[in-house]
Each structure stands twice: as C-alpha cells, then as structure tokens.
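Student: Could we go through the metal and ligand sites, setting each value against the rule behind the word we use for it?

Tutor: Gladly; let us begin once the structure is in view.

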Amino acid sequence: MPRISARKASEAKHQPSTITVFAHKKDKTWTLPGTDKATQQLVDNLKEDGLSFGDLKKGQLLRGVQLNGYKNLLVVGLDEGPALESIRRASAQTYALMRAHKIADADFHFDSLAKGVRRPEDAAQAATEGFLLAAYDFDVYKSKAKDDDAFAVKGMHLLTGKGTDRAMQNAIANGVALSECVNFTRSLGDEPGNKMTPPVLANEAAHAAKGTKLKVTVWDKARIKKEGMGGLYGVNLGGGPDCRFIIMEYNGAAKSRKPVVFVGKGLTFDSGGISIKPSQSMEEMKYDMCGGAAVIGTMLAIARLKLKVNAVGLVPSTENMPGPMANKPGDILTARNGKTVEVFNTDAEGRLILMDALSYASELKPAAIFDAATLTGAVVVALGNSYTGVFTRDKKLMKGIEDAAEISGEAVWPMPINDHHVSDMKGTFADLCNISSFRGAGSSTAAAFLEQFVEKGIPWAHFDIAGTAWAVGNRLNYCSRKGASGVMVRTFVELAKKYG
Ligand code: BES
Ligand code: ZN
Ligand code: ZN
C-alpha cells in the first residue's frame, strides 16, 4: 500500500518530481485556490486550447514544466458535488494517473484540494481514503502479476500550511486505518467460494483481530444447533463446509453503556439450494457474504480507531447448497426466538440465517441494530448499483443514517416497510413463510420478514447491499470495476460514533 504523509511546504526533506494541483469550476472560470500565477497560467492555457472541465476531472499531466522545483504538474478538476466525496474522487483519479504514467510519488497541493471544506482534517482524511481505496487490487491468484506489475505507486504527500499539526496527522492515520479495513473487507469478498468458506471467514476475523481490543468468539455447527439457530443450521444442511456463527465484541465505553450491534449476511456461496439459481452469473454468488465481510471490517475499524463505544458484530455464515439433506420447499424451520418459518423457496436463504442472528442481537438489549445483506435481486431492480436500500420505520434513525452516509460518501436511499409487507409474509402452516404471498416489493417484504426477529422497541435498520456490494467501479473511481466494493464499512463506522 502507498504511504500517505503531510508536511509543510517549507520542510521539504524530499521533493518528488511531480506536484498535483486541484481545479474548481466557478461559473466559467477555473480556479486553483492558493497556487501561484505561473500555475494558474498553465491551467488557463489548457482551457484556451479547448480542454473541457470534464476532461480536466480525468486529470492532465504536464510534463517538464519546471515549476517551483517540480518537473511535472498534474492538474485534476474537482466535482461540483459534496466536497468530501469530490476530494475522495479527485484523489483516486490522481492515483490512477500516477499509475498510468508511472509516477511513484507526488505532492498534493492541499489548499487547492481542501477549498470549501470547513475542517482541513476532514479533507486530509478524505484524500487519504480516495488514494488508498483506489490502490486496492486483488491479484493474489495471478501467477504473473508480480513480474508484470513491477511498478507501484509509493506515496502521496499533502503539502500544507500545517503539515505537522497533530489533528492533520491523526486525520491521515484515521483515513489509513479506515481504508485498510475497507480493503480488507473487499479482499474477503473477492476470494473465491472454494477458498472463502465459513470456517475460513471465521479464522480471518479472529486473525485480523489480533493485537486489537476485539474479542472474537466462533460457534461451530454443533453449538449453532444447541443454541437453537434453526435457520443457520437448516440452510447448512444443504451441504458444503460446516457453518459458523461469528461474534466480535468491542468495549470502548463504560460497561453500563448499551452496545450498538452490526449483523451481516455471511453466505459464502449461494447456489439457491433446491430452488437452484440459473447458471448465468451464478459465479457472482461468492459475493453473498459481503454483508458479513462489511461487519468484520467495521468491527476492525472501530477497534483500530479506538472509538469510545461498545459494539458487537454478528456474522452467521454458511453455503447454500442443494445436497441430499438440503431444505426442500415446504420444510419448516424454527428460529432462535421460537418463530416457525415455511421454506417455500430455498433461494430466499439470507433471511433464514439472519433471523437467528437478529434474534441473538435482540437478546443483547442493544441501543440499535444495523444489518447489511446482499438480500434481494429486487433491490437491484429498484435502485441499480448506485444506491444501497435502507429499510427502517424509525424516522430519527433514518435521519442519522443519512447524516452518516453524507460524511462517509456512501449513497443510501430510504425504502418502504409497512404492515402490509408483514402480512404478505404470513405462513400457511407456520408463523411465517420465507417468500411473499404476493408479487412485487420483494425487498420490502424481505425487510418485513427480518423485522419479525428484532425485539419491539430496539431501533433497527436493514441495508440491502445486493446492488452495491460489488462491481460498482462503473460508478465510483475508487472501487474496482469487477470486484467487491467494501460498501457499508465507512457508514457503519460513522454510525457507531453516535453510540459513544
Ligand atoms: N443472494 C440472493 C440475492 C441477490 C441476487 C443478491 C442477485 C445479489 C444479486 C438471495 O439469497 C436471493 O436469492 N434472493 C431471492 C429471493 C426470492 C427467492 C424471494 C431473489 O432476490 O431472487
Ligand atoms: Zn438466495
Ligand atoms: Zn443469498
């Protein structure tokens, strides 16, 4: 991973050959706050030559300009959208250009980057995130990757008026910790199903937690059965490796303080089971554990950032396979909270493993429960791959989520859930059925099903990340085009801060 640092312009221990300046569009003019006349002139020339601001957002490298001791000038235009997210994207774009032009390290002109941001530290953190998230690459299984890719971007230095400020250094350190946890979440998702099995996922969580204050407990199949988790145990009957229930605990506040609980779907491969999926794109179902991976990444980040909160992460994990002992349509399972469920479609398995995890979460009497799951194809129809769908009846909680997402830069959209959705999920011979008795609103009825396992009075929100957990690089330049996005880690960490 590249190294990020900050220093004052005057303390130039080492000056790289390239400086990046950031341009803002104001009406028809392009401004570069805090830079000198010579720089502005070079950028004005680009405009006179017919370059559009859209082109500038992709970045322009001016080689050999010899400016203030720098050989090269990189110019990157900032989006006109929310400031921190624009900074993340501009920083990611700079990383891509550095890679393409084999520039190992570059200074970032901080004043032109951070213009319009109230606290400079926030800009520093966002720039760090954009750069490190863009640097993620999952190439561990490419035997030739190391020789081909001898070039690596080594670092980025924020050139500021207050390079050595404590607040600035902390902001960079926080950005590094958060990005590393997001990238770790991505790598769990990108691992293929034959490598990333439930026992491996549990070991990864335990291993990553070493050296932090996190306590990791893993329940095996026998314990899961004994604990009455009929959904997780039931889905695992289809075959494949044994299931696991992963519990990650962090105590950063007084014992008396209620924890915030994060729950994530850890389905390491979803074949659909007996209600088997079509083979088209079935390989993508290795990503069905991305909610679980996000919860693991969130807990790691909370511990690394030493947040003053109590938090618990819960990940039910299994494969969904069509073996001889698999659930059959019509089978009835009993959840940990005693409710019974008819399995009419074995492909609606996410809710079956989450029902036990949410029941367990409720037993912890938490301040709030947030779950993330690649739960329904219907949410992809509704929102595509730009927005994560959020389901909660709690208006105050929804407001807090929208505020957190504004800071994190992750796009979320409120989705409906009401009593009609609940009645659509009533069973014939059991309390509930795992699919709706009516057509349509498949994401809302799925959410309504989950709600039946959250104890009344506990604030709860469900995040359906089926459209955003992977392959969103067509939307966001700091995500891979094909791989896992690590979505929800940044928003969940932001949400956790509210429970300190
Ligand atoms: N993991 C899938 C949901 C999914 C589909 C995620 C496509 C990402 C992309 C989930 O387990 C599932 O199969 N859901 C079914 C539910 C249906 C049978 C009620 C679906 O959405 O089709
Ligand atoms: Zn499924
Ligand atoms: Zn699934």
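Tutor: Before any site is named, take the rule: six donors count as octahedral if opposite donors are over 155 degrees apart and all others between 65 and 115, and anything else is irregular. Keep in mind as well that this is a predicted model.

Student: What makes the arrangement around the zinc ion (ligand 2) irregular?

Tutor: The six donor atoms there subtend angles of 70 to 166° and do not meet the octahedral rule, so the arrangement is irregular. The protein donors, at 2.0 to 2.2 Å, are D270 (OD), D347 (O), D347 (OD) and E349 (OE), and their residues follow the spacing D-x76-D-x1-E in sequence.

Student: Why is the arrangement around the zinc ion (ligand 3) called octahedral?

Tutor: Its six donor atoms subtend angles of 77 to 173°, which makes the arrangement octahedral. For orientation, ideal angles for six octahedral donors are 90 or 180 degrees. From the protein, K265 (NZ), D270 (OD), D288 (OD) and E349 (OE) serve as donors of the zinc ion (ligand 3), lying 2.0 to 2.4 Å from it, and the spacing of these residues in sequence is K-x4-D-x17-D-x60-E.

Student: What makes D270 a bridge between the zinc ion (ligand 2) and the zinc ion (ligand 3)?

Tutor: D270 coordinates both ions, which are 3.2 Å apart. A donor must lie within 2.8 Å of the metal, and D270 (OD) is listed for the zinc ion (ligand 2) at 2.0 to 2.2 Å and for the zinc ion (ligand 3) at 2.0 to 2.4 Å.

Student: How do you know that E349 makes a polar contact with ligand 1?

Tutor: The cut-off for a pair of N or O atoms is 3.5 Å, and a polar side-chain atom of E349 lies 2.9 Å from an oxygen atom of ligand 1, so the pair qualifies. The side chain of D270 also has an N or O atom 2.9 Å from an oxygen atom of ligand 1, while a polar backbone atom of T374 is 3.3 Å from a nitrogen atom of the ligand. Taken alone, ligand 1 exposes 510 Å², of which the protein buries 76%.

Student: Which residues come nearest to ligand 1, and what classes make up its shell?

Tutor: Among the 16 residues around ligand 1, the nearest are K277, D288, D347, E349 and G377. The shell has seven charged, five nonpolar and four polar residues, and the space that ligand 1 takes is the second largest pocket.

Conventions
Residues are numbered from 1 along each chain as its sequence is written. Chains are lettered from A and ligands numbered from 1 in the order in which they are written. This is a predicted model: local features need pLDDT of at least 70, side-chain atom pairs count only at pLDDT 80 or more; totals for chains, interfaces and linings use all residues. Side-chain values use heavy atoms; hydrogens and water are left out. A residue is near a molecule or strand if one of its heavy atoms lies within 4 Å of it. A polar contact is a pair of N or O atoms within 3.5 Å; within protein, one must be able to donate a hydrogen and the other to accept it, and residues adjacent in sequence count only if both atoms are side-chain atoms. Accessible areas come from the Shrake-Rupley method with a 1.4 Å probe; for residues, only the protein chains shown count as cover. On a 1 Å grid over the protein atoms alone, a cavity is a set of points where a 1.4 Å probe fits but cannot get out, and a pocket is an open set with protein on both sides within 12 Å along at least five of seven lines; lining residues have an atom within 4 Å of a point. A molecule sits in a cavity or pocket if more than half of its atoms lie within 2 Å of its grid points. Ala, Val, Leu, Ile, Met, Phe, Trp, Tyr, Cys and Pro count as nonpolar, Asp, Glu, Lys and Arg as charged, and the others, Gly among them, as polar. Four donors count as tetrahedral if all angles lie between 85 and 135 degrees; four count as square planar and six as octahedral if opposite donors are over 155 degrees apart and all others between 65 and 115; anything else is irregular.
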